[in-house]
Amino acid sequence: MSDRIERLLASMTLEEKLGQLNMIDAGMPPGGEDEMKRQIGAGTIGSLLNIHGAEKLNALQRLACEESRLRIPLIFGLDVLHGHYTIFPIPLAEAGAFDPNLWEKTARASIEETRRAGVTLTFAPMLDVCRDPRWGRIAECPGEDAWVASRYAEAKVRGFQGSDLSAPENIACTAKHLGAYGAVAAGRDYASVDVSERLMAEVYLPPFEAAVKAGVATIMPSFNDLAGIPMTAHGRFLNDLVRGQWGFAGVMVSDYTAVAELIAHGVAEDLAGAAALALKAGVDIDMQDEAYVRGLPAALERGLVAMADIDRAVRRVLDLKMRLGLFDDPYRHVSAAPLSADAAAEITALAREAAARSIVLLKNDKGGLPLKNPKRIALIGPLADAPLEMFGPWFAAAPLHSATVLEGLRAAMPEADIRHVPGVTIEGDDDGGIPDAVTAARDADIVLLSLGETKDMTGEAHSRGRIELPGRQRALAEAVLALGKPVVAILTHGRPLALPWLFERADAVLATWFLGSEAGHGIAAVLTGAHNPSARLAVTWPYDGGQIPIYHSHRSTGRPANPEVYFSTRHTDLPIEPQFPFGHGLSYTRFAVTAVAAAPAEVAPGETITIEAEIENQGEVAGEETVFLFLRDPVASVARPVLELKGVAKAVLKPGERKVVRFTLNTDDLAFLDRDLKPRVEAGLFEIFVGPSADRTRLTATTIHLRGAATP
Ligand code: GLC
């Protein structure tokens, strides 16, 4: 391949080289559609995004492969984040299944649809760890924990890319957005990020390193600056770390117009300067702003870049196209046989399974769930029959139909008398429907309150300062709650919502996130008990927005939070604890961790540590339990988090059944970054915890002691 690339490169004009670095939004081509087609035929566009459908893509590919001088095929990119035609739960929801096998399966199912629409590159997985629900894009991420995000990264790269990128059933994928985008100031999208080098190394970078180790084909730097240096121009991370230390040999694709935005960042005075900064930093493809095509010729003349810099980027792009098999068969994706009816049904079934397995039962203390065959159900609220809202962000190709809560309930409970009253709109002041809602509730055996956000209240450019219910939904809920009837709240949302008043008064609350095409059926499966809720929170759920950031792996501080101690780390007007901790999620049965043991108690460097935990189902129905393995190094040369997640295990148990789950660690897993950010293991005591969440009152502890110091 490299000879072929070198021969091609040697024959390319500067315009053709820059064309390979030029990705254009086919939905909004800067010069209009005719100009876009002309440029493709002239070989000055190398890839397109935001277009799908075999016929359209074949026509454009023919322009590149039959009209242009060098016949270099196009890459077609699309944000297939959680499904193409069939939409799966948003990543923050799916992360709560804590199941890499499911994460891989939904990625694979997504490309069964998207590759037949000609997509050869998905801008996914999004790997930005986030602890700030104000940020709209928390919906797109795998939660607050770097260990979880790293497992998620590996599973998604496997699912999208398979083991051989050139196989027609696989496509390239993108680890995005590097880095620390989830830590934007105040949760404001695109805002500056100022996190420590330590937090970068311990939290925000590991999921990307995991993606690189898993063979991810492309990486997308984030819009934000990090301590004044925009990631799009951050050579120390993109070149020195990702390429130099991690050995990433793939393609870096800028985010949308992010190269030109270096001018607005204040680090470049014109397009030539911006293009030069990005190219030198390691960005190969420039998305949408034509900064490379229009800026690099001047940058060359001004000596800001050399032809070698351009050639290096072009080589990477040509290499990716070759690895994708596009030179051998540029039409191979779209020529795939259509999905069979069975295959399509399997994808729908997987979407339904993923929906049910992403629902978190937050509260159920009066046993309001599962429903006990009520005759008259009042389904109240603006999210009950909202097919579009079920998708959440990024659903470009979906046929705009989803199974709503109402549809799912009717299908699961055909005999029940279900009265649906929206009551209010999702946002805005219209509350004229509250009296009707109250009437319906008064006549019912049980009330289901379907509340939450619109899909457009989360995702890119949709940060919210107040993480509460929009519009007049609270007024609706309080009017219904005042009746004293059994009330189950079903939340549809892209972020944790601060609703202490609802958690206080509703009998049961389900966090259903945005579940996608099969939302209503997944919700009905949980409401009826057909699926015993098994998902857990991948992000801490704040009691109030004022607690943000709040997460499980925080450090102790010199005055650890203590409600009994005035001079301790806390607010005087808010509780110390979140509404629900990381990992929280109830079941219709009761589990207990009945024993935890770690061996050997005295560990020598290089030895394997085995932790066993016995779990018992002490309730009346079968269920799936998830337990977390946390580590704490209580005394080290650098203060360590009070809980560090090191493993997750699951057990499916019948009533009364007991099982032992096993974790294995090695002494490298006890390592941390020392004062110079170098990995280091220090001798001494380590605390080990196993339990159903980061709620420390529900963790079973043991210890091990590491002899002698061993630096990996
Ligand atoms: C957007 C997003 C990025 C996406 C890209 C292409 O601005 O930041 O996640 O992949 O543009 O749609």
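Q39 is buried in this predicted model, with a relative accessible area of 11%; buried means under 20% relative accessible area, exposed means over 50%, and partly exposed lies in between, with a 1.4 Å probe and protein chains only. Residues are numbered from 1 along each chain as its sequence is written. Because the model is predicted, local features need pLDDT of at least 70 and side-chain atom pairs count only at pLDDT 80 or more, whereas totals for chains, interfaces and linings use all residues; side-chain values use heavy atoms, with hydrogens and water left out.

Q39 belongs to helix α3, which spans residues 33-42. Helices (H or I, at least four residues) and strands (E, at least two) are DSSP runs, numbered from the N terminus. When residues up to four places away in sequence are not counted, Q39 touches T44, I45 and E290, where contact means heavy atoms within 4.5 Å. The buried residues of α3 are M36, Q39, I40 and G41. An α-helix has 3.6 residues a turn, so residues three or four places apart point the same way. The partners against which the buried residues of α3 pack are β2 (47-49) and α4 (54-67). After α3 comes G43, with a positive phi near 75 degrees.

A second helix, α10, covers residues 235-245, and its buried residues are G235, F237, L238, L241, V242 and R243. Helix α10 is followed by G247, for which phi is also positive, near 80 degrees.

Two buried leucines were examined for their surroundings. L21 is located in the loop between α2 (14-20) and β1 (22-25), and L21 counts as buried because its relative accessibility is 0%. Its contacts, leaving out residues up to four places away in sequence, are L279, D284, I285, D286, Y292, I310, A313, V314 and V317. L21 and L476 are 455 residues apart along the chain, and their C-alpha atoms are separated by 53 Å.

L361 lies in strand β11, residues 360-363, and this leucine also counts as buried, at 0% relative accessibility. Beyond residues up to four places away in sequence, L361 touches L369, V509, L510, P533, H584, G585, L586, S587 and Y588. One of these contacts, H584, is 223 residues from L361 in sequence, while the C-alpha atoms of L361 and H584 are 8.6 Å apart in space.

Several features of the backbone were identified in loops. A cis peptide bond joins L178 and G179, with omega about 15 degrees; G179 is in the loop between β5 (172-178) and α8 (197-204). The peptide bond from A599 to P600 is cis as well, with omega near 0 degrees, and P600 is placed in the loop between β17 (591-599) and β18 (602-603). Positive phi values also occur in residues other than glycine. For T257, phi is near 60 degrees, and this residue is found in the loop between β9 (251-252) and α11 (261-265). L677 has a positive phi of about 60 degrees and is found in the loop between β23 (672-673) and β24 (679-680). With a relative accessible area of 26%, L677 is partly exposed.

At the level of the whole chain, 20 helices and 26 strands are present. The radius of gyration, taken over C-alpha atoms, is judged against a globule rule of 2.2 Å times the number of residues to the power 0.38. A compact globule with 712 residues would have a value near 27 Å, and the 26 Å of the protein chain agrees with this. Along the principal axes, the C-alpha atoms fill a box of roughly 75 × 65 × 45 Å. Of the 712 residues, 62% count as buried. Among contacts with a separation of 6 or more, 77% are accounted for by residues 24 or more positions apart.

The protein chain is divided into domain 1 (355-547) and domain 2 (591-706), with bounds that come from an automatic or database domain assignment. The centres of domain 1 and domain 2, taken over C-alpha atoms, are separated by 35 Å. Between them, 4 residues of domain 1 are in contact with 8 residues of domain 2.
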